[in-house]
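Visitor: I'm new here and would love a close look at one small part before I try to take in the rest. Could you walk me through it slowly and then show me what surrounds it?

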Amino acid sequence: MDFLFYMGDVFTPINFGLLLLGTIGGLILGATPGLSPTMAVALLIPFTFQLEPQQGLILLGAAYTSTVAGGAVSAILLKIPGAPANIATTLDGHTMATKGEGAKALQLSFLASAVGGLFGVFLLIFLTPVLAQWALAFGPSHLFWLAILGVTVIGTLDSSSVVKGLLSGCIGLWLATIGFDDIMGAQRFIFHPSVSGGINVIPALIGLFAIPQVITMFTKGRSSDDAEVISVKKHPIRLAFLEVFKRKAALTIGTLTGSIIGLIPGVGGQIAGLVAYDQSKKFSKESEKFGTGHSEGVIAAESANNAMVGPSLVPLLTLSIPGSPTAAVLLGGLLIHGIFPGPDLFMNYPQVAWTFIDSMLIGQILMCIFGLYIAGLAASVARIPHAVMAAIVLGLAVFGSYSVQNSMGDVYVMATLGLGMYFLERFGFSAAPLVLGLILGPIAEANFIQGSMIANATVGIGSYFFTGWLNWLLIVIVLASISYSVWMEVAQRRYTTKDDAVAKEEALS
Amino acid sequence: MKKWIAGAAIALAAMAGTAHADGHESYPERPIMMMVSYGAGGATDFQARIVTMTAGNEDALGMPIAIVNRPGAGGRVGWNWFATEAEADGYTLGAYNIPHFVAQSIEGGVEYSTESFEPIANWGADPAVFVVGADSEFNSMEDVVNYAKENPGGLTFSGAGLFVGHHIAALQLEKAAGVKLAYIPNNQGGAGAMRAVIAGEVLGGVNNLSDAFRAQEAGNVKILGVFDVARNEEFLPDVPTMMEQGYDIDNASVNFRGVMVPKGTPQPIIDKLAEIVPTMFENGRVQSRMAAGGSPMAIMTRDEVLEMWAARQETLEELLAGL
């Protein structure tokens, strides 16, 4: 119960002020497309030079928590995920927003984030020693199977047919091979200097999601001068509370999946939201409603990506190994104050460590309060005329892509992918599977190569990838996931008929 | 009116000053950018931020240095940009990592070599060390080499990637001990390679002294040897060098970090930077922050760095010739 003992430290005027600053700043940074949690934390580190270690960490912890949740704002209102973690949120969240339920979607997402986030931090508080061992259990072979599991999700994710989903996934996998490969350093498909470093996920994400939106908005603005104003329905917060807790299945699946995946070093938050979305879709009684603005989709995705925040710090705080890019940046922030994370962190620096964790707990609650306030403002976004909105989004897209690596090359990549995606969407392909392919490709490839190098030096590939309970557990889940997709395809025959295509076209425009 | 004319005259003079290529006395007149070819939060980025934090002081450059990250492909993206596109006007500095960029230029496929850059000063030297899990049966490099002799090609050990310091150290060990080893490059850099050792996925690993020191303090690994010409008295006084354990291995794999500018930067600016930048590294606040972060420092002047670059070029060409 040490964490209660140090709770008071969070509420000293200066600490609490920093916590507020981190939370509000984090929400704003998170809502800006292209500013991922990793970047937000990295931007704040120089400011912590001047602060006490405890205060610096409060700022960083609060910013980490709220940027992850803030990404949902642009995902829902603009269909631009703030970070890979928010991709799944666009699927139902943005559909809700186009139906005028933007305020409701935002309220649900912040409430679900807070529930998931609190659960994740409590896991960090109570189960850290146990979880640290679990985080180490995932070697190259397990990460490979996990990535394959992600690939099996691709087909059923938000496309008009399984085949088209798989095709866009393949395009993503191919895009992932561009650049120097991670392990051997071989150059692949570098046909232009812009892609010599590979396709960075953030500009790709912005391009694939935002540019088709922008083009659609522009075309629409021309056809009708008085672009119809979507009326945003007011949605009382009380009803949002009821809704979140009524959807227990989605909330539980999202929270648990997020916590477990958050623990696994190197995979982390990027796919937590998508896997949780897919799982709750498969378990839901109303699975056919997913993708049409269903509240369960938003709840599962957002509870998962915030639940991953706490567990993702377990390997860092106990083993001094950063499990995610954000954790690596936080490690830099700790070291700069002379604090070495490790098993004795909580013995040597209890005040710093516990206050940091407490600030994440309080940060989740503050994030939820401010988030609900922002949700009330969602109406004003929808009142902006399409042409103006399109210009704003385009500006943000260029700014966001450029700022990731200060490179114009990323802006070209963003624009090219976006333009291509606009046409692919006309044919019933969608962006989410493509991005998933782009994220999973390197994980699957690098771990396969590493695994087979180890296997060749020791036991051989067959027994390396196919022995051990964890490998088999993952293989069984992969097989189950594939059979489910096949069964769904056969049972529902989800071919795109001409009518479907027309309906989709109308929904898009 | 007089004041106005005087003001205009000063402004004109200032403009003429910036336009004139010869007069570099007033350099720097605006903030300077420093490119780091690794991501924010990594060891190079983290150290670059610390050693440049006093640049704005009156006794230093008088202008702040802003860090800009251009990560990708093990540093190749950033250095390619620095060699081909960065402006050689003294307002664009870069951080170098030796032996990484030299080894990459020998391997080929990049647009830079030691000829593309002008070193300014060196701030850090992070030697590679050999680590094994805390419960490993190996207690010395001799145990490791004996195992490798009994199982040729069967000793798996991790490192941060190909053509980086860890890989060079691995090649040197293979050559000096006359054994075949299975070097497993990790796609997540030094942190990923360390994780593989702690989790027992590999039997050992080459890693940075600073990271290995922390992991040993945490009770996760044992450090068996240092790939350097002398022991590290500050952090690891009890760990013998490879040379002491009978393997002829020098400091070719030590990760040197420092500041450079693109070729073509005006000589007066290079001279001024070469004079001031090392004094920035000697600043007490910088030193204490670096020590707190477990980052060993090695301050070298421009002439010493030029010599070191040339020496590395020679050793690495020889070592990588067999690949």
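Visitor: Let's zoom in on a single strand. In E8(B), which residue is the bridge partner of Phe130(B)?

Guide: It's Val206(B) that pairs with Phe130(B). Keep in mind as we go that this is a predicted model.

Let's stay with that strand for a bit. E8 of chain B covers residues 204-208 and runs antiparallel to E5(B), with four bridges joining the two. Besides the pair you asked about, Val131(B) of E5(B) has Gly205(B) as its bridge partner in E8(B). E8(B) also pairs with strand E6 of chain B, residues 156-159, but here the direction is parallel and there are two bridges. One pair to look for there is Phe157(B) with Gly204(B) in E8(B). How covered is E8(B)? Five of its five residues are buried, so you'll find the strand mostly covered.

Now hop over to E5(B), residues 128-133. This strand is mostly covered as well, with six of six residues buried. On top of its pairing with E8(B), E5(B) has five bridges to strand E9 of chain B, residues 221-226, and these two run antiparallel. If you want one pair to find on screen, take Val129(B) and its bridge partner Val226(B) in E9(B).

Staying in chain B, there's a helix worth a visit. H6(B) spans residues 165-177, and its 13 residues should stretch 18 Å at 1.5 Å a residue; the end C-alpha atoms are indeed 18 Å apart, which agrees. Ten of those 13 residues are buried, so the rest of the structure largely encloses H6(B). Among the buried ones are His166(B), His167(B), Ile168(B), Leu171(B) and Leu173(B). Right after the helix comes Gly178(B), with a positive phi near 65°.

Let's step back to the domains. The assignment for chain B gives domain 1 as 31-126 + 254-320, and domain 2 as 128-226. Measuring between centres over C-alpha atoms would be one way to picture the layout: the centres of domain 1 and domain 2 of chain B are separated by 27 Å. Where the two domains meet, 15 residues come from domain 1 of chain B and twelve from domain 2 of chain B. On the domain 1 side, helix H4 (100-107) and helix H11 (302-320) of chain B each supply at least two residues. H4(B) gives the most to that side, with four residues. By class, the domain 1 side of this contact holds seven nonpolar, six polar and two charged residues.

And what about the partner chain? Between the chains, the contact takes 41 residues from chain A and 46 residues from chain B. On chain A's side, helix H4 (37-48), strand E1 (179-180), helix H15 (325-335) and helix H20 (431-457) each supply at least two residues. That side of chain A is made up of 23 nonpolar, 17 polar and one charged residues.

Chain A itself comes to 23 helices and two strands. Its radius of gyration is 22 Å, close to the 23 Å that the globule rule gives for 509 residues, so chain A is as compact as a globular protein of that length. The C-alpha trace of chain A spans about 65 × 60 × 50 Å along its principal axes. Buried residues make up 60% of the chain's 509. Among contacts in chain A with a separation of 6 or more, 80% join residues 24 or more positions apart.

One helix to pick out in chain A is H18(A), residues 386-405. Its 20 residues should span 28 Å at 1.5 Å a residue, and the end C-alpha atoms are 30 Å apart, which agrees. Buried residues in H18(A) include Met389(A), Val393(A), Leu396(A) and Val404(A). The residue that follows H18(A) is Asn406(A), whose phi is positive, near 50°.

Last stop: Ile215(A), which lies in helix H9 of chain A, residues 201-223. With 18 C-beta neighbours inside 10 Å, Ile215(A) counts as partly exposed. Ile215(A) and Ser280(A) are 65 residues apart in sequence, and their C-alpha atoms are 32 Å apart in space.

Methods. Residues numbered from 1 in each chain as written. Chains lettered and ligands numbered in written order. Predicted model: local features only at pLDDT ≥ 70, side-chain atom pairs only at ≥ 80, totals over all residues. Contact = placed C-beta atoms within 7 Å. Nonpolar A, V, L, I, M, F, W, Y, C, P; charged D, E, K, R; others polar. Rg over C-alpha atoms; globule rule 2.2 N^0.38 Å. Buried ≥ 20, exposed ≤ 12 C-beta atoms within 10 Å, placed from the backbone. Expected span 1.5 Å × (residues − 1). Domains from an automatic or database assignment. Pairing = 2+ DSSP bridges.
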